Amino acid sequence: MPQAPLIAQIDSVLENILDQARWAPSGDNTQPWRFEVVDPRHVVVHGFDTRSHCVYDLDGHPSQLSLGALLESMALAASSHGLRMEARRHGGLPDTLPTFDVRFVDSPGMLPDPLAAFLPQRSVQRRRLSTRRLRASEKVALAASLPSGYSVQWFEGWRMRLACARLMYDNAKLRLTMPEAHKVHRDVIEWGARFSTDRIPEQALGVDPMTARLMRWVMHSWLRVDFFNTWLAGTVAPRLQMDLLPGLYCAAHFVLLAEAPPRHIDDYVAAGRAMQRFWLTATQLGLQLQPELTPLIFARYVRERRAFSRTDGMLELAQELALQCQAVLGAVAFDRAVFLGRIGAGPAAQARSLRRPLQDLLVAPVNGRTLA
């Protein structure tokens, strides 16, 4: 007889926890996790990264941030069922395959964490936001959402927003003139779509329809991209619409800081958990958020002398941008930064990335384990 779908074999409580947790954020909506259900209160999370094909993830750290966000989401969802989550990373596995034993333990008297209700609502807003300054109460709530060992630094006012917007605009030139990045962009955008279960839909990019049509045609091949960049200032329109103007039209930019410079997988997983609580708190407050990780990623490549492109001039441009990033953030924050973004009041995104169905994220038990 054919085996029943894996989802049909899962306890309803665990199914709800995983269904809520799968809404955790991930770079380009890659969803770098799969779930192996061992028993009704025990799951193995099989993580992976995209370093083999994504220039933004060559050290795996962005994917590790996402895995941290997933674990925090699982803990939040479990709290709604009176369960406490315990997670332990497996030792002895390659960095490319972070794997976690996750158990849920009855915790009598445990109250649901209010942030759990916002797991499916949290999204990325890439369009302009209100320039209204954050209220003191909003900043207090956001800072209080961070666990011990993390803090937030704000960049407010016209001058600082301009500095951050210019940093993003200048970094976008690196993104849009590098063949290695073109391959990523070509694969992760779902053209003509408002929603996407496994990519970024075109309508969520933050550009007008005419620019989107031009981008779609140009990005069909690197030869077209290179020609437009060289002779027709092809990066200007998308950089203005996706980086400079959104960077100006927001309440503030911010950076989340760890107590010490992050170095290892566990540091980035912990930072991802902090990031998710901050982002969900913003959603709870009715605020919108957009990550701005590119400056941190390429500055880290420069600092660690990691080769990321074979194109002449890219390393030199990245070195200049790293200095610019350090000047904007400050030397101390630059070393301890784990997440950069912009925030502000405004409507929720009308187009967004969705998630793969839970059934598609389940894997069969291994090593002789069977579902209980």
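These legends walk through close-up views of the place where two domains meet in a predicted model.

**View 1. Two domains, side by side in one chain.** The domain assignment splits the protein into domain 1, covering 12–120, and domain 2, covering 136–353. Measure from centre to centre over the C-alpha atoms and you get 23 Å between domain 1 and domain 2.

**View 2. The contact surface between domain 1 and domain 2.** Here 34 residues of domain 1 are in contact with 40 residues of domain 2. Putting domain 1 and domain 2 together buries about 3,100 Å². Carbon and sulfur atoms give 63% of that buried area.

**View 3. Charges and polar pairs across the interface.** Five salt bridges turn up between domain 1 and domain 2. One salt bridge to zoom in on pairs Arg273 with Glu72, where the closest N and O atoms sit 2.8 Å apart. As for polar contacts, 13 residue pairs make them across the interface of domain 1 and domain 2, with both residues of each pair at pLDDT 80 or more.

**View 4. What domain 1 brings to the interface.** Helix H2 (61–79) and strand S3 (83–89) each put at least two residues on the side of domain 1 that touches domain 2. H2 provides the largest share of that side, with eleven residues. Sorted by class, the side of domain 1 that touches domain 2 comes out as 20 nonpolar, seven polar and seven charged residues.

How values were computed:
Residues are numbered from 1 along each chain as its sequence is written. This is a predicted model: local features need pLDDT of at least 70, side-chain atom pairs count only at pLDDT 80 or more; totals for chains, interfaces and linings use all residues. Side-chain values use heavy atoms; hydrogens and water are left out. Domain bounds come from an automatic or database domain assignment. Contact means heavy atoms within 4.5 Å. Buried area is the accessible area (1.4 Å probe) that two parts lose on being put together, summed over both. A salt bridge is a side-chain nitrogen of Lys or Arg within 4 Å of a carboxyl oxygen of Asp or Glu. A polar contact is a pair of N or O atoms within 3.5 Å; within protein, one must be able to donate a hydrogen and the other to accept it, and residues adjacent in sequence count only if both atoms are side-chain atoms. Helices (H or I, at least four residues) and strands (E, at least two) are DSSP runs, numbered from the N terminus. Ala, Val, Leu, Ile, Met, Phe, Trp, Tyr, Cys and Pro count as nonpolar, Asp, Glu, Lys and Arg as charged, and the others, Gly among them, as polar.
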